[in-house]
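Here's a quick tour of a protein model, written for someone new to reading structures. Have the picture open while you go through the points below.

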Amino acid sequence: MKQIILLCVALCLSGCGGGDRSAGPTRASQPMASGPISSACLQSDRRARSPALCGCIQAVANRTLSGAEQRRAVRFYGDPHSAQVIRQSDRPRDRSFWRSYTDYALEAERICTA
């Protein structure tokens, strides 16, 4: 499940997104949103994907990642290897993004898999 969250987060949204909106009583009243990460998550081939999980991941992305960071993370869904390349990069921009992305992934895991 952790890998799915990390992948979804990485491949997630690409900026803008439709703000948080409650979808009623989902697992412990998880937040819901639509946007690029949610769309990429739903289009992925992961068995654990669902509108509730992908919407929750998007809502967390909206709160923790900039639009540019979300767009960058969405690319991971189509090219998971690119996440490894960024993770191992020594470039300051990549290191900064990876820190933000890791924080986002941990928060999404905490909130969305509760």
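A residue is called buried when its relative accessible area is under 20%, and exposed when that area is over 50%. Cys-54 comes in at 0% relative accessibility, so it counts as buried. Keep in mind that what you're looking at is a predicted model. Its protein chain has six helices and zero strands, and 45% of its 114 residues are buried.

**The overall picture**

- Reading from the N terminus, the elements simply go α-α-α-α-α-α.
- Take the contacts between residues at least 6 apart in sequence: 70% of them join residues at least 24 apart.
- The chain exposes about 6100 Å², and 51% of that comes from carbon and sulfur atoms.

**The disulfides**

- How many disulfides does the count come to? There are two of them.
- One disulfide joins Cys-41 to Cys-54, with 2.0 Å from S to S. This pair links distant parts of the chain, as Cys-41 is in helix α2 and Cys-54 is in helix α3 (residues 51-64), 13 residues apart.
- The torsion about the S-S bond of Cys-41 and Cys-54 is about -65°, so this disulfide is left-handed.
- Like its partner, Cys-41 has a relative accessible area of 0%, which is under the 20% limit, so Cys-41 is buried.
- Another disulfide joins Cys-56 to Cys-112, at 2.1 Å from S to S. Cys-56 sits in helix α3 and Cys-112 in helix α6, so the pair ties together parts that are 56 residues apart in sequence.
- For Cys-56 and Cys-112 the S-S torsion is about -90°, so that disulfide is left-handed too. Both of these cysteines are buried.
- If you number the bonded cysteines in sequence order, the pairing reads 1-2, 3-4.

**Around Ser-38**

- You'll find Ser-38 in helix α2 (residues 36-43).
- Ser-38 has 7% relative accessibility, and since the limit is 20%, Ser-38 counts as buried.
- The C-alpha atoms of Ser-38 and Cys-54 are separated by 4.7 Å, though these residues are 16 apart along the chain.

**The aromatic rings**

- Searching the whole structure turns up six aromatic pairs.
- One of them is Phe-76 with Trp-98: the pair is tilted, with 6.3 Å centre to centre and 55° between the planes. Phe-76 belongs to helix α4 (residues 67-78) and Trp-98 to helix α6 (residues 92-112), so the pair ties together parts that are 22 residues apart in sequence.
- Is Phe-76 buried or exposed? It has 1% relative accessibility, so it counts as buried.
- Phe-76 and Trp-98 also belong to one aromatic cluster, together with Phe-97, Tyr-101 and Tyr-104.

**Charged and polar neighbours**

- Arg-72 has its charged end over the ring of Phe-97, 4.6 Å from the ring's centre.
- Which residues does Asp-94 contact, leaving aside its neighbours within four places in sequence? They are Arg-72, Ile-86 and Ser-89, so Arg-72 turns up again here.
- The side chains of Asp-94 and Ser-89 are joined by a polar contact of 2.7 Å.
- Asp-94 lies in helix α6, and with 5% relative accessibility it counts as buried.

Key
Residues numbered from 1 in each chain as written. Predicted model: local features only at pLDDT ≥ 70, side-chain atom pairs only at ≥ 80, totals over all residues. Heavy atoms only, no water. Phe/Tyr/Trp six-rings, centres within 6.5 Å; stacked < 30°, edge-to-face > 60°. Helix = DSSP H or I, 4+ residues; strand = E, 2+ residues; numbered from the N terminus. Buried < 20%, exposed > 50% of the residue type's maximum accessible area, 1.4 Å probe, protein only. Lys NZ or Arg CZ within 6 Å of the ring centre and 35° of its normal. Contact = heavy atoms within 4.5 Å. Areas by Shrake-Rupley, 256 points an atom, 1.4 Å probe, with all protein chains shown as cover. Polar contact = N/O pair within 3.5 Å; in protein donor to acceptor, adjacent residues only side chain to side chain. Disulfide = S-S within 2.5 Å.
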